[in-house]
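Colleague: I'm new to reading protein models, and I'd like a close look at one part of this one. Could you take me through the strands near the start of the chain, and then show me how the rest fits around them?

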Amino acid sequence: MAAIPPIPFAAPPPLPPGWTEHVGPTGQPYYYNAQTQESTYVRPLPAFPIIPLVAGAAIPAVPGAAPAPKKPKKEKPLVKTPIPGTEWLRVITNEGNTFYTHTGRKQSVWTVPEEIKAAVEELEREEALAKARAAEEAAKRAEAERAAAVEGVLREGKAAAGKRKAAEVVPVDEIVVSKKAKVDEEDEDEDADGEDDEDDDESEEEEWQKEAAAQLAKEAEEERQRQEEEKRRAEEEAQKLKEAEKQKGAPQINMPERVDLSIDEAKALFKTLLREKNINPLHPWDTSLPLFVSDPRYVLLPSVSARREAFDEYCRERARELRESKVKVEKVSLDPRQEFERLLKEEVKSTRTSWTEWRRQWKKDRRYYGWGRDDREREKRFREYLKELGEQKRAAAQKAEKDFFALLKESGLAKPGAVWKEIKKQLVSDPRYDAVGSSSLREELFNTYIKAGASDEVTTASTPEGAGAPQSQKTSAEDEEERERRRKERKERAVREREEKVRAERSKVEAEIDRSKLGLTKEEGELEFRTMLTDAIRDPQVTWEGVLPQLQKDPRFLNSPLPLNQQLHLFHSHVNALRVKHLTNLHALFASHAPALNTQFTALPVASILSSLPATKLGYDIDQLEREYERWQRERWTEARAAFDQMLGENSFVEFWGRLGKIGGKGVDVSIKNEDLGDDEEEDAQVDMKALAKNVDLKEMVKVLKNDKRYIVFDHVPEQREQWLRDYLSQLSAPTLSVHVPEK
């Protein structure tokens with residue numbers, strides 16, 4: 001029995017008006033409504049009921065292969081309208097979509113550019129007015145044509161009715177005139193029949209005219225309604241245009257099912273979408289995707305990888321724009337010179353601050369590198385600021401000293417014989433006391449003030465009462481002037497001595513600072529010079545004279561504070577380090593090809609070794625390579641010989657029996673009890689240790705040593721190795737016996 005073919009599924013219901021079907025990047029269909037801007041993966045159902053299949057109805061046969069899907073119609077430009085006064089064109093496609101293109105820049109956009117928005121609105125108003133006028137003229141023409149058609153139909157109806165009457169009247173008259181009366185009944189019948197025919201014709205004519213009039217009236221009514229509908233639509237469109245002009249809102253994008261765009265245009269629209277959504281360039285793709293996946297412009301790019309690439313480009317461009325805007329704002333709002341000065345003022349508090357340390361600490365700060373062409377200009381300003389800071393501190397110190405002298409003078413406590421420890425307790429509350437930073441300096445200033453004669457007492461010879469009054473007054477005036485002059489001289493001398501002392505101390509401190517800076521600068525210069533040598537010199541064969549022109553182009557060499565002899569010392573140390581490095585690599589290459597001590601130079605792959613990097617860097621030819629190999633073999637032999645002697649010293653078996661063979665004599669002092677000789681021997685028998693040591697042959701020692709690498713390495717000279725072993729045994733001394741001697 002033949003198998004029953006499967007019943008095919010019913011065709012899917014049609015989509016509601018306004019909905020279109022699309023295929024996503026993964027092949028899954030989705031549905032989009034251009035009017036509501038809504039998209040969904042669920043197929044929307046129409047508003048009308050779907051008629052189910054009738055049972056027993058014939059089901060069309062399904063072919064073996066599914067029919068190929070119908071290729072969507074390609075969207076093409078249909079109407080191109082130049083926008084007056086611009087180089088833009090408004091293009092309407094055959095799908096009813098509108099976009100704008102620039103003829104010069106070859107640029108196309110879906111939205112109205114800002115530069116032509118006014119021109120586009122003016123063009124749309126003119127088109128709406130022209131359309132309204134054309135609709136009115138078409139309505140008038142249709143009304144006139146319809147009236148003319150009605151009049152023509154009425155005329156044709158009347159003419160046809162007249163012709164029909166004339167045709168019917170003439171034959172009746174002829175019959176009446178030509179025929180003779182045969183029988184009266186026949187004449188009566190013929191007359192009655194003629195009257196009935198005339199009545200029928202008249203009634204038929206009236207009915208036809210009524211039907212024609214009713215039909216024409218119906219058509220006129222339908223035409224009137226159609227005109228009213230068109231007029232109403234025109235008014236609605238004009239109203240919508242006016243509302244759009246008032247609102248000036250964002251234009252709605254009516255995305256078609258498919259638009260032929262280049263990859264660059266699609267990418268530009270996709271980036272525009274990201275900018276409109278204000279996507280954060282620091283957020284990853286997965287986080288930002290829900291913010292714009294529902295927008296129709298998301299599917300303009302053909303694949304997810306293309307969208308990811310466009311998203312990454314947008315993130316880079318947007319992040320760069322944000323950084324540039326931030327830097328621009330900072331540059332506008334802040335003066336680099338003022339910021340550098342503020343950094344100096346806030347962070348440099350001492351004149352002993354080192355430029356190198358300060359630069360290392362702040363070189364990554366924007367306030368540091370935002371001003372100045374290079375570090376030289378910044379260092380110059382740094383040195384100038386240190387001088388200014390020193391002058392400010394000196395001025396502040398001088399002012400503090402003057403204020404302190406004024407304090408002593410106002411207090412009246414600074415008198416000859418006064419003790420500073422007692423006076424300072426009464427001055428400590430005054431701010432001029434704290435202005436002098438050091439307690440020792442305060443005491444020194446106090447002593448200086450006392451020496452200057454703050455409370456000078458001059459002893460004068462007293463005269464008898466009442467004798468020589470005028471002369472006494474004159475002498476006292478002269479003495480007062482002399483005292484004042486001397487007081488001023490002492491004060492000036494004390495101030496000069498103080499200034500000289502302060503100057504000497506300051507010069508001493510500055511000398512120490514300079515020495516410390518010189519040491520620090522020298523250390524840093526040495527480090528920088530070593531770094532320069534590492535960067536510039538990688539060949540161990542160079543000479544100082546040959547590399548000097550190259551080094552003179554480096555600013556680190558020109559600015560180096562090191563003397564020439566130290567530079568030469570560092571250069572030779574660097575070259576020797578390079579040579580030792582390449583020699584070590586060459587020796588490792590020798591060891592890989594010559595594992596044994598007796599490997600000849602001719603057994604090596606000389607050509608391969610000569611072309612290797614160590615030999616090339618060292619500039620060796622075959623003779624130099626052979627001499628280096630022989631020198632390396634000698635060093636290797638010496639190291640192996642020392643390791644052999646170390647092995648013999650570490651082996652307790654060799655040392656024990658070698659030393660035991662040196663024991664002399666016989667008896668208790670040099671013998672042990674033989675408790676394991678067997679039953680045939682006496683229990684108190686003694687064993688001669690020297691004789692026992694002689695029984696231990698050299699072969700027994702070799703058996704113990706033969707597995708050691710330090711022993712195996714000399715397999716190619718067994719006689720010499722045996723002689724070394726004998727020499728070692730001969731050099732051993734007899735052990736000191738510590739055997740307990742039993743009492744007899």
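Modeller: Happy to. Let's begin with the big picture: the secondary structure of this protein comes to 24 helices and nine strands. Keep in mind that this is a predicted model. Of the 744 residues, 26% are buried. If you take the contacts with a separation of 6 or more, 61% of them involve residues 24 or more positions apart.

Now for your strands. Strand β1 covers residues 19-23 and pairs with β2 in the antiparallel sense, over five bridges. One bridge to look for links Val23 with Pro29 in β2. The two strands form a hairpin with five residues between them. In that turn sits Gly27, which has a positive phi of about 90 degrees.

Stay on β2 for a moment, since it has another partner to show you. Three bridges join β2 to strand β3, residues 38-40, and these two run antiparallel. Here you can find Tyr31 bridged to Thr40 in β3. Again there's a hairpin, this time with four residues between the strands, and Gln37 in the turn has a positive phi of about 60 degrees. What about β2 itself, residues 29-33: is it mostly covered or mostly open? It's mostly covered, with four of its five residues buried.

What holds strands like these side by side? Strands of a sheet pair through backbone hydrogen bonds, either parallel or antiparallel.

Further along the chain you'll meet an open sheet of four strands, in the order β4-β5-β6-β7, with antiparallel pairing. β4 (77-82) and β7 (107-109) stand at the edges with a single partner strand each, so one side of each has no neighbour in the sheet. On average, neighbouring strands here are turned by 25 degrees against each other, ignoring direction. Inside the sheet, β5 pairs with β6 (residues 98-102) over five bridges, in the antiparallel sense. Val91 has Phe99 in β6 as its bridge partner.

That sheet also leads us to the largest nonpolar core, which has 20 residues. The members that touch the most others are Phe270, Leu274, Ile279, Trp285, Phe292, Leu301 and Phe311. β5 (88-93) supplies at least two residues of this core, and so does each of the helices α3 (263-276), α4 (285-292) and α5 (304-333). Try clicking on Phe270: leaving aside residues up to four places away in sequence, its contacts include Trp285, Phe292, Leu301 and Phe311, along with Arg297 and Tyr298. There's a second, separate core too, with 19 residues, including Ala640, Val717, Trp724 and Tyr728.

Next, look at a pair of helices. The axes of α16 (residues 564-593) and α19 (residues 622-650) come within 11 Å and cross at roughly 75 degrees. An angle of 65 to 115 degrees counts as roughly perpendicular, and α16 and α19 are therefore roughly perpendicular to each other. Where they meet, α16 brings Leu583, Leu586, His587, Phe590 and Ala591, while α19 brings Leu625, Glu628, Tyr629, Arg631 and Trp632. By class, this contact has seven nonpolar, one polar and two charged residues.

One last stop is Glu230, in helix α2 (residues 184-247). The C-alpha atoms of Glu230 and Ala135 are separated by 7.7 Å, although the two residues are 95 apart along the chain. Why is Glu230 called partly exposed? Its relative accessible area is 36%, and partly exposed lies between the buried limit of under 20% and the exposed limit of over 50%.

Note on methods
Residues numbered from 1 in each chain as written. Predicted model: local features only at pLDDT ≥ 70, side-chain atom pairs only at ≥ 80, totals over all residues. Heavy atoms only, no water. Buried < 20%, exposed > 50% of the residue type's maximum accessible area, 1.4 Å probe, protein only. Core = buried A, V, L, I, M, F, W, Y, C linked by side-chain atoms within 4.5 Å. Contact = heavy atoms within 4.5 Å. Pairing = 2+ DSSP bridges. Axes fitted to C-alpha atoms, helices over the stretch in contact; angles between N-to-C directions. Parallel < 35°, antiparallel > 145°, perpendicular 65-115°, else oblique. Nonpolar A, V, L, I, M, F, W, Y, C, P; charged D, E, K, R; others polar.
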